[in-house]
Amino acid sequence: MYAITVREAGGPEALRWTEVADPEPGPGEVLLDVAATAVNRADLLQRKGFYPPPAGTSDVIGLECSGTVAALGEGVTGWQVGDEVCALLAGGGYAEKVVVPAGQLMPVPSGVDLVTAAGLPEVACTVWSNVVRTARLGAGETLLVHGGAGGVGTHAIQLAKALGTTVAVTAGSAERLRQCADLGADITVNYREQRFEDEVKADVILDNMGAKYLPRNVAALNRGGRLVVIGLQGGVTGELNLGQLLSKNASVTATSLRYRPPAEKALITAEVAEHVWPLVTAGAVRPITHQVLPLRDAAEAHRLLEAGGVFGKLVLAVRS
Ligand SMILES: NC(=O)c1ccc[n+]([C@@H]2O[C@H](COP(=O)([O-])OP(=O)(O)OC[C@H]3O[C@@H](n4cnc5c(N)ncnc54)[C@H](OP(=O)(O)O)[C@@H]3O)[C@@H](O)[C@H]2O)c1
């Protein structure tokens with residue numbers, strides 16, 4: 001098969017369309033013919049040599065895909081050759097074929113085409129696992145989503161609205177904030193011009209910035225608030241005022257989806273298929289695709305994401 005490989009850690013030009021050995025499904029795994037994959041910010045880090053795949057995982061980049069079941073490993077039940085699926089991957093998505101633990105497969109939500117479905121697993125599993133499972137966002141509460149115009153942000157806005165909450169977002173331009181408002185965001189904050197902690201008090205914050213926003217995020221929490229850090233775009237080491245946290249009975253959690261064990265991922269994908277896919281089919285949560293590019297042009301997709309201005313997801317289709 002062909003896959004995008006990294007010639008030497010570095011810039012987008014390091015990504016090459018290369019012939020590599022076909023993967024083979026082991027016990028409990030499924031082989032997929034990939035229809036499309038999608039770009040995640042973590043992919044940029046892996047390309048630069050900073051975000052290694054978990055042990056035993058393909059070193060091909062790619063955390064999600066859609067495709068068709070091509071073969072079943074020993075002991076797999078519930079899926080058949082020919083089924084159209086999407087999948088949460090620990091790696092290997094930028095390829096014509098990928099092997100994935102069967103528990104990480106999900107059906108394609110009814111009403112969504114196979115290529116578009118490639119951009120759903122990572123955002124849906126990230127938002128569900130953090131906002132619902134970890135932070136227990138409830139109806140009537142306020143969620144603050146940093147980076148509302150990104151892949152995760154555009155999904156989080158819609159899911160949180162569907163759950164009956166008030167949604168605040170930060171983004172870097174008036175145009176991007178308008179797009180977030182069109183998706184349902186109630187409160188919009190331009191992080192280049194405003195201090196979000198002066199504009200919003202939130203019960204749950206979904207944070208992509210890490211250290212840079214830590215004290216300000218704690219300041220923006222309501223009593224009993226839950227800060228969930230999922231991205232470290234603003235650094236890893238910050239100062240946490242425990243006094244402020246204590247007086248608010250608040251909590252801080254940091255999570256990673258990629259490094260969770262397969263059994264935990266299977267739990268998340270099952271809940272996403274049960275609770276989120278019906279919302280997608282009903283049109284309450286739409287996949288937001290900025291652009292579909294050929295997988296061979298992965299380098300161009302990485303340049304686009306690095307340049308900023310992508311609203312939602314970049315999808316990479318194996319066949320154009
Ligand atoms: N822990 C996990 O399991 C997990 C899973 C998925 C994603 N993530 C992380 O979650 C984050 C979002 O992922 P994504 O796929 O949505 O990435 P993305 O599409 O690349 O979006 C990144 C966002 O960061 C925003 N941003 C940049 N500087 C900011 C600032 N100072 N304040 C607020 N926002 C700022 C950008 O907003 P503007 O373009 O408007 O400037 C952009 O929307 C990334 O850091 C990613 O690595 C973590």
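Good morning. By class, the residues that line the largest cavity comprise five nonpolar, eight polar and two charged ones. I begin there, and I should say at once that the model before you is predicted.

Let me stay with this cavity. Rolling a probe the size of a water molecule over the atoms shows where empty space is left. By the rule applied here, one cavity of 30 Å³ or more is counted, and the largest cavity holds about 90 Å³ of space. Its lining is made of 15 residues, and those closest to the centre are Gly119, Val123, Pro287, Ile288 and Lys313. Two elements give two or more residues to this lining, namely helix 4, residues 151-162, and strand 15, residues 313-317. Which element gives the most to the lining of the largest cavity? That is helix 4, with four residues.

I turn now to a pocket. The second largest pocket contains about 460 Å³ of space. Twenty-nine residues line this pocket, and Gly56, Thr57, Ser58, Gly91 and Val99 lie nearest its centre. Strand 6, residues 97-101, and helix 9, residues 262-281, are the elements that give two or more residues to the lining. Strand 6 gives the most, with five residues. By class, the lining of the second largest pocket has 17 nonpolar, six polar and six charged residues.

Please keep strand 6 and helix 9 in mind, as both return in the next part, on salt bridges. Side chains of opposite charge can pair when their charged atoms come close. In this model the count comes to 14 salt bridges. I shall describe several of them.

In one salt bridge, the side chains of Asp33 and Lys97 meet at 3.0 Å, N to O. Asp33 belongs to strand 3, residues 29-38, and Lys97 to strand 6, so this pair ties together parts that are 64 residues apart in sequence. Are these two residues buried or exposed? Neither word fits exactly: Asp33 counts as partly exposed because its relative accessibility is 32%, and Lys97 counts as partly exposed because its value is 23%.

In another salt bridge, Glu271 pairs with Arg133, and the closest N and O atoms are 2.6 Å apart. This pair also links distant parts of the chain, since Glu271 is in helix 9 and Arg133 in helix 3, 138 residues apart. Arg133 has a relative accessible area of 29% and is therefore partly exposed.

Next, consider a pair within one helix. The side chains of Arg178 and Asp182 meet in a salt bridge at 2.8 Å, N to O. Both residues lie in helix 5, residues 174-183, and they are four residues apart, about one turn of the helix. Arg178, with a relative accessible area of 43%, is partly exposed, whereas Asp182, at 57%, is exposed. The cut-off behind that wording is that exposed means over 50% relative accessible area.

Salt bridges may also join into a network. Here, Arg195, Glu197, Asp198 and Arg216 are linked in this way.

Let us now look at the surface. Which residues make a nonpolar surface patch of about 240 Å²? They are Leu240, Leu242 and Val252. Val252 lies in strand 13, residues 251-254, and it counts as partly exposed because its relative accessibility is 33%.

Two loop residues deserve a word for their backbone angles. Arg136 has a phi near 55°, which is a positive value in a residue other than glycine. Its place is in the loop between helix 3, residues 121-134, and strand 8, residues 142-145. At 60% relative accessibility, Arg136 counts as exposed. Asn249 has a phi near 50°, again a positive value in a residue other than glycine. Asn249 is found in the loop between helix 8 and strand 13, and at 51% relative accessibility this residue counts as exposed.

Finally, I mention Ile230, in the loop between strand 12, residues 221-229, and helix 8, residues 242-247. Its relative accessible area is 28%, so Ile230 is partly exposed. How far apart in space are Ile230 and Ala317, C-alpha to C-alpha? They are 27 Å apart in space and 87 residues apart in sequence.

Thank you for your attention.

Technical notes
Residues are numbered from 1 along each chain as its sequence is written. This is a predicted model: local features need pLDDT of at least 70, side-chain atom pairs count only at pLDDT 80 or more; totals for chains, interfaces and linings use all residues. Side-chain values use heavy atoms; hydrogens and water are left out. On a 1 Å grid over the protein atoms alone, a cavity is a set of points where a 1.4 Å probe fits but cannot get out, and a pocket is an open set with protein on both sides within 12 Å along at least five of seven lines; lining residues have an atom within 4 Å of a point. Grid points are joined across faces, edges and corners, and a volume is the space filled by probe spheres set on the points. Ala, Val, Leu, Ile, Met, Phe, Trp, Tyr, Cys and Pro count as nonpolar, Asp, Glu, Lys and Arg as charged, and the others, Gly among them, as polar. Patches are made of residues with over 30% relative accessible area and no salt bridge: like charges are joined within 9 Å, nonpolar side chains (Val, Leu, Ile, Met, Phe, Trp, Tyr) within 5 Å. Accessible areas come from the Shrake-Rupley method with a 1.4 Å probe; for residues, only the protein chains shown count as cover. A salt bridge is a side-chain nitrogen of Lys or Arg within 4 Å of a carboxyl oxygen of Asp or Glu. Buried means under 20% relative accessible area, exposed over 50%, partly exposed in between (1.4 Å probe, protein chains only).
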